[in-house]
Amino acid sequence: MIEVKNLTRYYGEKCAINNVSFRVEKGEVLGLLGPNAAGKTTTMRILTCYMPPTSGDAWVAGYNIWEAPMEVKKRIGYLPENPPLYHDLRVEEYLNFVAKIKGVPGNRLKSQVSSAIERAGLTSVARQVIGSLSKGYKQRVGLAQALLNDPDVLILDEPTVGLDPRQIIEIRQLIKNLGGDHTVILSTHILPEVEMTCQRVVIINEGQVVAQDTPENLTRRLRGTERILLELDGDTRTVEEVLGRFPQITSREVEKLSGNGHVRYALEVTEDIRNQLARAVVESGVNLYELRSEAYSLEDIFLHLTTKEEEAVA
Ligand SMILES: Nc1ncnc2c1ncn2[C@@H]1O[C@H](COP(=O)(O)OP(=O)(O)O)[C@@H](O)[C@H]1O
Ligand SMILES: [Mg+2]
């Protein structure tokens, strides 16, 4: 449904995105995840044909962004970072207005507007002036205008930014329900959002795609490196000597829990050495309180992939 090939965009000297490629299948909800300034909005503006890339190519709903930008635009509903709402208009009036601009034919105007109102959960405020609505409801109005004319593809730029926690949950649920009927790309810098709403995630950092997969697979991919948490109480030098026997330990962080030798280590290891480690610790006379392996969360992976020193992990 969407294919993005080697998109690169410069603003003057500044490279905003560099060689970005990914695909989105029909009915899929794809998360474009990355920290601020990663290039999410730039990518979305190119896909919606708001501006051309410096180089590269993309197809949306069967049309090429260079050859048929008008056809692409017709098939996309776009929720920009700051949707241009008319605060003096009532919800219904505004949506009517946008529907006309989008070229929805007169005989379908009414049904399109009421269907968008219903799907965005705006029925109870349809006659209210937009300026009087809460931020969450304003965002729904933005979502409703994107839904007008039933586009194949929805492109939602940070749809939950600035909302309160309850509004966030509601909007996420709404978006999740839109998948299937629509192909959705949403951008976010919030990791749990991706886990909750998306089937697939493209992680972008400093203009480059650093990973793409399902949230589950991304988590699994880093299993090659595991982490062991080790809580013990004993002579520091003995402990260091024991740990030093294991070349599988690639890094260690230590946290003092109370006075003396009561500490907790977070060890990064190349393989599961819990067995040998437990035996060695106990045999050395150190008190062992806890030893367990900890799987990486998607959050850890995101940090690994988007933190400079750790880029090797990608
Ligand atoms: N109109 C512009 N002119 C110059 N630089 C821009 C412009 N828009 C974005 N940038 C730069 O391009 C990079 C990517 O920006 P953007 O796509 O907005 O990232 P994101 O949406 O992930 O925060 C940033 O470094 C940003 O400062
Ligand atoms: Mg942005």
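This dialogue introduces a predicted model through its domains, its ligand shell and its helix contacts.

Trainee: Where should one begin, and which domains does the protein chain have?

Mentor: One begins with the division of the chain. In this predicted model, the domain assignment gives domain 1 as residues 2-213 and domain 2 as residues 226-295.

Trainee: How many Å separate the centres of domain 1 and domain 2?

Mentor: Taken over C-alpha atoms, the centres of domain 1 and domain 2 are separated by 48 Å.

Trainee: Let us turn to the ligand. Which residues are around ligand 1?

Mentor: A shell is read by listing its residues and then asking which elements supply them. Around ligand 1 are Tyr 11, Lys 14, Ala 16, Gly 34, Asn 36, Ala 37, Ala 38, Gly 39, Lys 40, Thr 41 and Thr 42.

Trainee: Which elements each supply at least two residues of that shell around ligand 1, and which gives the most?

Mentor: Strand E2, residues 14-24, and helix H1, residues 40-47, each supply at least two. The most comes from H1, which gives three residues to the shell.

Trainee: How many residues of each class does the shell around ligand 1 have?

Mentor: The shell around ligand 1 has five polar, four nonpolar and two charged residues.

Trainee: The helix contacts remain. At roughly how many degrees do the axes of helix H3 and helix H4 cross?

Mentor: For a pair of helices, one reads the angle, then the handedness, then the residues that meet. The axes of H3 (residues 91-101) and H4 (residues 106-119) come within 10 Å and cross at roughly 125 degrees. That angle makes H3 oblique to H4. The crossing in which H3 passes H4 is right-handed. On the side of H3, the contact is made by Val 91, Glu 92, Leu 95, Asn 96 and Ala 99; on the side of H4, by Leu 109, Gln 112, Val 113, Ala 116 and Ile 117. By class, this contact of H3 with H4 has seven nonpolar, two polar and one charged residues.

Trainee: At about what angle do H3 and H5 pack?

Mentor: H3 and H5 pack at about 30 degrees, and their axes are 10 Å apart. That makes H3 roughly parallel to H5, since angles under 35 degrees count as such. H3 passes H5 in a right-handed crossing. Val 91, Tyr 94, Leu 95 and Val 98 of H3 make the contact with Val 141, Ala 144 and Gln 145 of H5. Its residues divide into six nonpolar, one polar and no charged.

Trainee: How do the axes of helix H5 and helix H6 cross, and which residues meet?

Mentor: The axes of H5 (residues 135-147) and H6 (residues 165-178) come within 10 Å and cross at roughly 15 degrees. H5 and H6 are therefore roughly parallel to each other, and their crossing is right-handed. From H5, Gly 136, Gln 139 and Leu 143 meet Gln 167, Glu 170, Ile 171 and Leu 174 of H6. The contact of H5 with H6 has three nonpolar, three polar and one charged residues.

Conventions:
Residues are numbered from 1 along each chain as its sequence is written. Chains are lettered from A and ligands numbered from 1 in the order in which they are written. This is a predicted model: local features need pLDDT of at least 70, side-chain atom pairs count only at pLDDT 80 or more; totals for chains, interfaces and linings use all residues. Domain bounds come from an automatic or database domain assignment. A residue is near a molecule or strand if its C-beta atom, placed from the backbone, lies within 6 Å of it. Helices (H or I, at least four residues) and strands (E, at least two) are DSSP runs, numbered from the N terminus. Ala, Val, Leu, Ile, Met, Phe, Trp, Tyr, Cys and Pro count as nonpolar, Asp, Glu, Lys and Arg as charged, and the others, Gly among them, as polar. Axes are lines fitted to C-alpha atoms, for helices over the stretch in contact, and angles run from 0 to 180 degrees between N-to-C directions. Angles under 35 degrees count as roughly parallel, over 145 as roughly antiparallel, 65 to 115 as roughly perpendicular and the rest as oblique. A crossing is left-handed if the near helix is turned anticlockwise from the far one by less than a right angle, and right-handed if clockwise. Two residues are in contact if their C-beta atoms, placed from the backbone, lie within 7 Å.
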